[in-house]
Amino acid sequence: TQMRVQGGNAYIDQVKDMLAGSCSSKYVSEKYDFKLYADFSKFEKDMYAKESEVGLSRMLAGYAWPWISKNDQTLKDIEIQDVKRMWNHCTEGWVHTAEAIDEVGCIHSIQGYDLNYAFVILGKDIGYDKAAGKIIVRPECYFDKNGKRTANYEELLEYITNVYYVLMTRPPRMRTTLCSCKLCPSPGMY
């Protein structure tokens, strides 16, 4: 695989451990910043600050919300803590459109592009089952019809975790993640 992230193998291993439900330590690096947010307003404020500072900072997410704005762009697809956002209005070239800074991109809209900073939203399609000690997916909260049409649970688990892996390992400089579900078993880890 092509190594884009300045966090190196330690960061890649941390992401893999998180998405396997087995992370047991906090990732710390002077080269690469990794944050988990509970406050979406702070998450968004930091994203806008990075966009002003270095450009190419975007919000990205897995398919945890239906794409209702596809046919009516007056509608907002995603609502988190009373903040409403729309999915990417287009896929090809989305990263460089004026609207992209206020939208949330999907894996298809980011393919082939490197960002400076990615702010990845973990939706309700993925979670951590504390009792079982493992990552779970919620098919009823996953809205990529093509992604789940013929997939069984294990295939969907692999597919969804791979989507988040790609989103979380895309930009070279920094990964910041809003966690709407806790993927790390240890409280206070981040």
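**Asp 144 and the largest pocket**

In this predicted model, Asp 144 is buried (under 20% relative accessible area with a 1.4 Å probe, protein chains only) yet forms no salt bridge, a term that requires a side-chain nitrogen of Lys or Arg within 4 Å of a carboxyl oxygen of Asp or Glu. The nearest side chain of opposite charge, Arg 149, is 7.8 Å away, where Lys and Arg count as positive, Asp and Glu as negative, and His and the chain ends are not counted. Asp 144 is placed in the loop between strand E8 (134-137) and helix H4 (145-148); helices (H or I, at least four residues) and strands (E, at least two) are DSSP runs numbered from the N terminus. Leaving aside residues up to four places away in sequence, Asp 144 touches Tyr 63 and Tyr 159, contact meaning heavy atoms within 4.5 Å.

Of the 16 residues that line the largest pocket, Asp 144 is among the closest to its centre, together with Trp 67, Lys 70, Phe 143 and Lys 145. Here a pocket is an open set of points on a 1 Å grid over the protein atoms alone, where a 1.4 Å probe fits, with protein on both sides within 12 Å along at least five of seven lines, and lining residues have an atom within 4 Å of a point. Helix H4 supplies the largest share of this lining, 3 residues.

Residues are numbered from 1 along each chain as its sequence is written. Local features need pLDDT of at least 70 and side-chain atom pairs pLDDT 80 or more, while totals for chains, interfaces and linings use all residues, and side-chain values use heavy atoms, without hydrogens and water.

Definitions and conventions. Buried means under 20% relative accessible area, exposed over 50%, partly exposed in between (1.4 Å probe, protein chains only).
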